[in-house]
Amino acid sequence: MRRRRRLALRQAAERFQVGHTAAARWVHRYRMHGHDGMEDRPSRPHRQPLRTSAVIEERAVRLRREHHIGRLRPAARTGVAAG
């Protein structure tokens, strides 16, 4: 029974052109949440506790726009990473 289930999972993964891991995740979601678990979900995190404040973000964007510079110099001026 287990081998048949694994074979069916692999065939479904190939059919939908996803990896075995993604298909297994879908099966787990379906078992946990039923049909509602199959809805698309955003990949964005629910929280971002270390996000740069809006004030500093606006300042960096303004510096880039006004001075036509890259991301490194505004980052150094605002004290944040240049990510």
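1. Arginine 51 has a relative accessibility of 54% and therefore counts as exposed, since the cut-off for that class is over 50%. This value, like the others in this note, is computed from a predicted model. The partner of arginine 51 is glutamate 57, and the two side chains meet in a salt bridge with an N to O distance of 3.6 Å. Glutamate 57, at 37% relative accessibility, counts as partly exposed, because the class in between runs from 20% to 50%. A search of the whole structure finds one salt bridge.

2. Two helices can be checked against the length expected of them. Helix H1, which covers residues 2–15, has 14 residues and reaches 20 Å from its first C-alpha to its last, close to the 20 Å expected at 1.5 Å a residue. Helix H2, covering residues 20–33, also has 14 residues, for which a span of 20 Å is expected, and its end C-alpha atoms are 20 Å apart, so the two figures agree.

3. The residues that come after these helices deserve a look at their backbone angles. Just after H1, glutamine 17 takes a positive phi of about 55°, while H2 is followed by glycine 34, whose phi is also positive, near 70°.

4. On the aromatic side chains, what lies over the face of phenylalanine 16? It is arginine 15, at 5.6 Å from the ring centre, and arginine 15 is also a residue of helix H1, which runs over residues 2–15. As for rings paired with one another, the structure holds zero aromatic pairs.

5. Helix H4, made up of residues 72–78, contains alanine 75, and threonine 78 has its place in H4 as well. Is alanine 75 buried or exposed? With a relative accessibility of 7%, alanine 75 counts as buried, because the cut-off for burial is under 20%. Threonine 78, with a relative accessible area of 12%, is buried too, since that value also falls under 20%.

6. The contacts of these two H4 residues can be set side by side, leaving aside in each case neighbours up to four places away in sequence. Alanine 75 touches Val80, Ala81 and Ala82, whereas threonine 78 is in contact with Ile56, Arg59, Ala60 and Leu63. Alanine 75 and tryptophan 26, which are 49 residues apart along the chain, have their C-alpha atoms separated by 40 Å.

Terms used:
Residues are numbered from 1 along each chain as its sequence is written. This is a predicted model: local features need pLDDT of at least 70, side-chain atom pairs count only at pLDDT 80 or more; totals for chains, interfaces and linings use all residues. Side-chain values use heavy atoms; hydrogens and water are left out. Helices (H or I, at least four residues) and strands (E, at least two) are DSSP runs, numbered from the N terminus. The expected span of a helix is 1.5 Å times one less than its number of residues. Rings of Phe, Tyr and Trp (its six-membered ring) pair if their centres lie within 6.5 Å; planes under 30 degrees apart count as stacked, over 60 as edge-to-face and the rest as tilted. A charge sits over a ring if NZ of Lys or CZ of Arg is within 6 Å of the ring centre and within 35 degrees of the ring normal. Buried means under 20% relative accessible area, exposed over 50%, partly exposed in between (1.4 Å probe, protein chains only). Contact means heavy atoms within 4.5 Å. A salt bridge is a side-chain nitrogen of Lys or Arg within 4 Å of a carboxyl oxygen of Asp or Glu.
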